[in-house]
Amino acid sequence: VVPFLFMLFAKSKQLKAVGKTSFIPVCFAVNEPLLFAAPVILNPYFFVPFLITPMINVCIFKFFVDVLSMNSFISVLPWATPAPIGLVMGTGFAPLAFVLAIVLILVDAVIYLPFIKAYDAELVAQEAANAKIATEVTEIVEELAQGTTALATGDAKDKIGSGKKVL
């Protein structure tokens, strides 16, 4: 769910890029691009949802199996089977498994979204600050380039003579 939330709701360039590049590997249980590029690992913003979401998912699954009498897993599938498909296939195509897959996706999105929004706001502020610094550096470089041109053309004598600083 997380890379899709990054693509849909993130405003920062970093999270949008992470979402775009990691959603295919994450669909096939290769989570490292997401975990280390976002970063989710050692990120205080994602600590709570990263720990709580799997526990809630297991509780919801247990509810469907025990209370609603859905089949539990009756077959072992390859580890890279996409989660919603693996859930449905692993339970023997139980009708409630389709409902469970949708419920889990929605619950995970609700859990992660506020944390993603908070982290995204911080990244947007950082990107704005970095853009401002980049603009200032560009202006300084342009001024230096103009000063170097002035030195090469001899205009620098006038500026130095009048007390203006060239470099």
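Start with the largest pocket, which holds about 1200 Å³ of space. Its lining counts 32 residues. Select Val-1, Asn-57, Ala-83, Pro-84 and Asp-108: of the lining residues, these are the closest to the pocket's centre. Keep in mind that this is a predicted model.

Now colour by helix. Six helices each give at least two residues to the lining of the largest pocket: H1 (2-9), H2 (13-27), H3 (32-37), H4 (47-66), H5 (83-90) and H6 (95-153). Then colour the lining by residue class. You will find 25 nonpolar residues, six polar and one charged.

Next, go to the surface. Select Phe-47, Val-48, Phe-50, Leu-51, Ile-52, Met-55 and Ile-56. Together they make a nonpolar surface patch of about 600 Å². Stay on one of its members, Ile-56. Ile-56 sits in helix H4, a helix that also supplies residues to the pocket lining. Is Ile-56 buried or exposed? Neither label fits: Ile-56 is partly exposed, because its relative accessible area is 30% and the partly exposed class lies between under 20% for buried and over 50% for exposed.

Move to helix H1 and pick Met-7. Met-7 also counts as partly exposed, because its relative accessibility is 24%. Now add Gly-19 to the selection and draw a C-alpha to C-alpha distance. How far apart are Met-7 and Gly-19 in space? The two C-alpha atoms lie 5.1 Å apart, while twelve residues separate the pair in sequence.

To finish, return to the pocket and show helix H1 and helix H4 together: each supplies at least two residues of the lining.

Terms used:
Residues are numbered from 1 along each chain as its sequence is written. This is a predicted model: local features need pLDDT of at least 70, side-chain atom pairs count only at pLDDT 80 or more; totals for chains, interfaces and linings use all residues. Side-chain values use heavy atoms; hydrogens and water are left out. On a 1 Å grid over the protein atoms alone, a cavity is a set of points where a 1.4 Å probe fits but cannot get out, and a pocket is an open set with protein on both sides within 12 Å along at least five of seven lines; lining residues have an atom within 4 Å of a point. Grid points are joined across faces, edges and corners, and a volume is the space filled by probe spheres set on the points. Helices (H or I, at least four residues) and strands (E, at least two) are DSSP runs, numbered from the N terminus. Ala, Val, Leu, Ile, Met, Phe, Trp, Tyr, Cys and Pro count as nonpolar, Asp, Glu, Lys and Arg as charged, and the others, Gly among them, as polar. Patches are made of residues with over 30% relative accessible area and no salt bridge: like charges are joined within 9 Å, nonpolar side chains (Val, Leu, Ile, Met, Phe, Trp, Tyr) within 5 Å. Accessible areas come from the Shrake-Rupley method with a 1.4 Å probe; for residues, only the protein chains shown count as cover. A salt bridge is a side-chain nitrogen of Lys or Arg within 4 Å of a carboxyl oxygen of Asp or Glu. Buried means under 20% relative accessible area, exposed over 50%, partly exposed in between (1.4 Å probe, protein chains only).
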